[in-house]
Structures are given as structure tokens and as C-alpha cells.
Amino acid sequence: MKPAAIMYLVTRTHGLKTHLISPRDIQLLVKAKSLREVSDNLLKAEYGTEISKLPTREVDALTLEEIFLKILVDRFFFITREAQGKLQDLLTRYCGRFEVENIKRVIRAKHGGETIEERNLLPLSREHTIVNLPALIKAKDVEDAISLLRETPYRPLVERLETYRRAGTTMVLEAALDDIYFDKVWEITGKISNGNGVKDLVGEEIDLRNLLIALSLKIRDLPPTLIAEALISSSYKLTVGRLRTLAQARLEDAPDILRGTPYSGLGSEVVNLVKERSASPLERLFLNRLYEDASASLKTRFLDAGYVVAYLLLSECEAKNLVTITTGKQLGLGEEEILQGLLGFQTRA
Amino acid sequence: MSVGRAAVTRGVLLRLREQIDFIKRGKELLKMRRDHLASETNKLLGKLRARNELDRRLMAAYETLKTAYITLGYSRLQSEASTVGLLEAKIRPRSVMGVLVPEILLGKKSNVTSVTSASAYAAAEKLSGSMEQLLEIAEAEGRIECIAHELMMTNRKVNAVERVLIPKLLELIRYIEGRLEEETLEEFFRAKRVKAAIRGAE
């Protein structure tokens, strides 16, 4: 018997899942003749309230993107508020991805000497973040910004400053942020009762992220030691040892290294894609796999806490797909090109 | 140069002969300059042949950029782009046969290692990879523009010297030579007549 709080949350999520845009409607959006038509169609969805506030002339991909991200953040925090106990702790930590993305954006801007404003960040209200983002924005450089994180869970970043100075790349800091984030989420995942569904999805996300880091950095010809440093220390079914082997081996050996893991099916596709010497198709391949598995989880784990995480992942996927559609329309891309850019769409459609 | 206005003296004739020698040497120099500029242009045209390849590379880079835009959205891509260090290039004037042409000195190349997203990295790598070639072609185009203008001017100068100035000077020299010869003959004849008159009077 599952705890009542989990059952309540899962039932609540079943209701919320109906708010997600169906694959058929996504296809209609792709077929829309203009960005204006896309925004008109979205008026009927959860985005309608925000879109209807926009003056007609101000409808552009960037404004719509801000709305999609706002709704995404709202969805994550709404479900977190509804949760209780350990599951709420997990979801609170899970929502930390927005905070991490905002810190990354500030670090990137400070590294490049660019000015950054709050509107360049994900719309995160003060109550949803433990970091003083306005202060971070005002920091004069990366080191100043990192020093402001000294008293937060992102303290390990301070230790990475020396490596950052030596390497001269923010990749070191971003990898550390991902490591801290996934470590926090992974730590509590194991404590959720009957949380196999959650573990499967969070674990798969970590594994796929690690696989992408290892392969994309390998394509960039970075040394194996640096690749190993960039990996997330937590892992699920793809051990860090195996990933280190992957970092040292030739790209053609990827299928052999992945054999015996749940990701063995990706091996041959990986080999085909890395021939192009671009990690971009790999990023798409892994995200597709994650969102398709999340979609499958909605059917198999309908009474499990994993259903909640799957819903959150699909909300994220929906936001990404809407960004793809609106940006594609603004750039004048054709239906076929936009369809190719959609994530986790094939199986759901 | 008006033929009628020139003073018909041996001094003027000598000066004109010196002048024509000087102009002929100048014409040779102008011709040499023209040939050098033409050969410089030919060399630069070779570089411009790479323009088609650059266009193809840029189109491919823009396609990748489009993919990055639709994958990441404007705000994330803008954030990723902010980590890319600016490319440093200096433009200074350089003299080729007295023609000032631009010379682009590539300093620090743009550093894309901080771009973490795979699609953004692909776009950044392709675009920054094309920058060197783009600057090379821009430099060649700028040079050709300056040199072509100067080449046209030099050609006009050579033509003017060859077809107008030198023939007129030659004509003037011939005229002065003729007049001087006539004057000499006249003088000779006058002297003879004077001599004969003096003899007749005796």
C-alpha cells in the first residue's frame, strides 16, 4: 500500500497531465502558417492567460519563450507545493535545476564580461531560490559571483575556482554545478518509499547526461582526465568507471562499452552520429530517449511517484518543443525542419 | 601646352629635351607601377576564388545556428554565446607601390571552449572557424578596391603621358627645331647678302 500523500499527489498529477498539449495539437501548431497563429492556438492551453496579456504587436518568439518557461517553472513549483514529506524534499531539490541554470547564466555572462539582467534568467521568485540572484547579477566577475555562493550548497564551486583560472573555461564550474545538483537529487531519491519509478527516471537522466558529457567532450578532443572531471559523480546503471573507459577509448568502441547496460541500443546510433564529428545529434538522441521513457512511464507507473517525475519531465519537453516551434516559425523554417527538432514526439505521436 | 606661346630659343629647346627625357622615364615608372599593381590584383583575385567556399561554409554555419536556436531558444543560446571571447583583429594601412591598402592582423581568436551545449558548440565552432577565412577575404576585397582605383588612375596617367603630353612636347620640339633652323638659314642668308652688299659697295 502506498502512503496516502503519494497517492494524492499522483492523482493530482493525473489531472495536471491532461493540461499538457497533446501530440495532435503539437502537430497543428507545427502546421500553423505564422507565429501569430501559433500564439492564437495556444490561447486555449495553459499558456492562454499569459499570452492574452500580450499586445498583438509584441508577439515574438522571445516573449513567448519567456511565457513557456514561466509556466514550466510554475508547474514544477505547484506540484512541489502539493507534495509532502520526503517526496516534497525530492521535488524541491529537483526544482533546483532552474536555480542551477540561472547561476550558470550569471557565470557565463561574468566570464564573457557581458551585462546580465533579471529578464535574461529563468523566472524564479525569491521564495524558490536560496541564492541571492540580484547580488550575483551585480558581482563584478566570476570569482566575485562564486564568493557569494560560499554560504550556500554550491560551496564546492569555490574549490573549483583554481581549476577555472587554469583552464579559462566555465565548463569546469558548470560541471561542478551539475554535480552538486544531481548529487542532491540522487541522495534523496533512494529514500522515497516505493520510489523505483523516480529512481529509474532520475537515474536515467544522470546516466544519459554523463554519456553526453563523455561523448561530446571526446568529440572535442579534450583529454580523458578533463572529461573524467566533468562527469557527474552519481550514477545509476552506467558506472563512472565505464564512463571513464569510454573517455579513454576510441569513439568506435562505444557500442562495446555500452554493451550490457540499458543504453546498449544507443551504441550503434552513437557510432553513426559521431561520424559527423558533432555532438548536437547526440544531445537530441539522448533527450529523445529520456522524454520517450518518461512518456512510457506515464503508462506503466500510473500509481507510482515516478508518474510525478515523468509529468515534470514531459512538461519540460513540452516547453522545449514549444520553444522549437515558435523559434522555428520566427526563423521561417518549414514544417519538416520543425518536426525534426521536436523532442520525445515520435512515440507519443 | 600651347605650341604658339613657346619662346623659340635654344635654351627652351634644351629644357624641352630634358623635360621629355624626364617624362619618358616617368612614363616607364608609371608603367612599372601599373604592371606591379596589376600583378598584385591578380594575386588577390586568386584569394577571392575561395569566396564560394566561404559562402558554403557560412551557409552551413547558419544552418547549425538555426538548429541551435530552435533547440535551445533565444535566451539559452544568448547565454551560451556570452561565454565566447571576442575575436581580436587590428586593421592597419600598408603601402603597396604607394597605394594605401588595409592589412588585417588577427590577434586573439574567439574561444568557444566554454560553450557547453552541444548544438551551441557546433554553431560556435563553425562560425568561429569561418572567421579567419572571412577576414582574409575581406582584406583581399578591401585591397582590390583600393588597388583597382589606383590602377585606373595610373592607367589614365600613362595614357595621358603617352598619347597627349609626349606627342605635344615632341611637336613643340619639332616646331622649335624648325623655327631655329629657319632662323639659322635666314641668318646665314642675311649674312651672305650683307657680305655681298659690302663687296658690291667696295
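What follows is a short conversation about contacts, cores and a helix crossing in this predicted model.

Guide: Welcome! Residues are numbered from 1 along each chain as its sequence is written, and chains are lettered from A in the order in which they are written. Because the model is predicted, local features need pLDDT of at least 70 and side-chain atom pairs count only at pLDDT 80 or more, while totals for chains, interfaces and linings use all residues.

Visitor: What makes residues of chain B and chain A part of the contact?

Guide: Two residues are in contact if their C-beta atoms, placed from the backbone, lie within 7 Å. The contact takes 21 residues from chain B and 27 residues from chain A. On the side of chain B that touches chain A, α2(B) gives the largest share, ten residues.

Visitor: Why is the set that includes V99(B), V101(B), I147(B) and L151(B) called a core?

Guide: A nonpolar core is a set of buried Ala, Val, Leu, Ile, Met, Phe, Trp, Tyr and Cys residues joined through C-beta atoms within 7 Å, where buried means that 20 or more other C-beta atoms lie within 10 Å of the residue's own. These belong to a separate core of five residues, so they meet that rule. The largest nonpolar core has 124 residues, and helix α18 (residues 306–330) of chain A provides its largest share, 13 residues.

Visitor: How do you know at what angle α2(B) and α3(B) cross?

Guide: Axes are lines fitted to C-alpha atoms, for helices over the stretch in contact, and angles run from 0 to 180 degrees between N-to-C directions. The two axes, of α2(B) and α3(B), come within 8 Å and cross at roughly 145°.

How values were computed. Helix = DSSP H or I, 4+ residues; strand = E, 2+ residues; numbered from the N terminus. Buried ≥ 20, exposed ≤ 12 C-beta atoms within 10 Å, placed from the backbone.
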